[in-house]
Amino acid sequence: MYRRNFLISAAAGLSLMGSAAFADGHSKDIVDTAVGAGSFGTLVAAVTAAGLVDTLKGDGPFTVFAPTDEAFAALPEGTVETLLKPENKDQLVSILTYHVLPGKVMSGDIAGKALETATVQGSNVAIDATDGVKVDGANVVSADIEASNGVIHVIDAVILPE
């Protein structure tokens with residue numbers, strides 16, 4: 001119950017902080033785009049708990065591999081609740097920034113390639129776009145969701161730095 005209320009409160013708070021929506025869909029930043037999608041409540045709550053809202057609302061550009069709520073739900077029971085605790089903020093920041101690349105990388109930029117690239121967290125992430133797109137084994141299920149300060153690629157699993 002605590003988790004559900006926390007997630008709803010965090011999403012509502014971010015919605016109030018967001019800028020006005022514009023018809024072209026690209027005027028919303030990454031955070032507002034994630035809030036508006038409705039399937040990233042856990043990610044939005046984690047970004048809030050990690051203190052990364054202002055960063056992801058910043059100029060960027062950023063490429064975010066965004067796990068869905070279902071991806072977070074697939075983690076072992078209690079993992080999300082533990083990570084959202086203030087004493088685990090550093091670990092949460094590390095995990096979340098591992099999902100972010102500096103710069104805007106569209107699917108067409110990597111089509112047919114397999115590569116490793118540095119994340120904002122500092123570790124390299126493996127991207128394989130030779131047959132569909134996988135990021136450290138997570139499948140990209142929706143690509144190229146543009147935002148005013150970057151792009152979101154939806155993934156079906158939470159990826160973890162080594």
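Phe-62 in strand β1 has Gly-150 in β7 as its bridge partner. The model is predicted. In it, β1 (residues 62–67) and β7 (residues 150–155) run parallel and are joined by 6 bridges. Both strands belong to an open sheet of 7 strands. The protein chain has 8 helices along with its 7 strands.

**The sheet**

- The strand order is β2-β1-β7-β6-β5-β4-β3.
- The pairing in this sheet is mixed.
- The edge strands are β2 (100–102) and β3 (114–118), and each of them pairs on one side only.
- Strands of a sheet pair through backbone hydrogen bonds, either parallel or antiparallel.

**Strand β1 and its neighbours**

- On one side, β1 runs parallel to β7.
- β1 is also joined to β2, by 3 bridges, and these two strands run antiparallel.
- Val-64 is one of the residues involved: its bridge partner in β2 is Val-100.
- How many of the 6 residues of β1 are buried? The count is 6 of the 6, so β1 is largely enclosed by the rest of the structure.
- In a regular strand the side chains alternate between the two faces of the sheet.
- In β1, Phe-62, Val-64 and Ala-66 point one way. Thr-63, Phe-65 and Pro-67 point the other way. All of these residues are buried.

**Just after β1: Thr-68**

- Thr-68 is found in the loop between β1 and α5 (69–73).
- Is Thr-68 buried or exposed? Its relative accessible area is 13%, and buried means under 20%. Thr-68 is therefore buried.
- Leaving aside residues up to four places away in sequence, Thr-68 touches Ser-39, Phe-40, Val-154 and Ile-155.
- Of these, Val-154 and Ile-155 lie within the residue range of β7, 150–155.

**The β3–β4 hairpin**

- At the β3 edge of the sheet, 5 bridges join β3 to β4 (residues 124–128).
- These two strands run antiparallel.
- Leu-115 has Ile-127 in β4 as its bridge partner.
- The hairpin of β3 and β4 has 5 residues between the strands.
- In this hairpin, Gly-122 takes a positive phi near 115°.

**Two helices that cross**

- Helix α3 covers residues 41–49, and helix α7 covers residues 89–98.
- Their axes come within 9 Å and cross at roughly 125°.
- That angle makes α3 oblique to α7.
- The crossing of α3 past α7 is left-handed.
- Which residues meet where α3 and α7 touch? From α3 come Leu-43, Ala-46, Val-47 and Ala-49. From α7 come Lys-89, Leu-92 and Leu-96.

**The whole chain**

- The protein chain has 162 residues, and 39% of them count as buried.
- Take the contacts between residues at least 6 apart in sequence: 63% of them join residues at least 24 apart.
- The accessible surface of the chain comes to about 8200 Å².
- Carbon and sulfur atoms account for 54% of that surface.

Notes: Residues numbered from 1 in each chain as written. Predicted model: local features only at pLDDT ≥ 70, side-chain atom pairs only at ≥ 80, totals over all residues. Heavy atoms only, no water. Pairing = 2+ DSSP bridges. Helix = DSSP H or I, 4+ residues; strand = E, 2+ residues; numbered from the N terminus. Buried < 20%, exposed > 50% of the residue type's maximum accessible area, 1.4 Å probe, protein only. Contact = heavy atoms within 4.5 Å. Areas by Shrake-Rupley, 256 points an atom, 1.4 Å probe, with all protein chains shown as cover. Axes fitted to C-alpha atoms, helices over the stretch in contact; angles between N-to-C directions. Parallel < 35°, antiparallel > 145°, perpendicular 65-115°, else oblique. Left-handed = near helix turned anticlockwise from the far one by under 90°.
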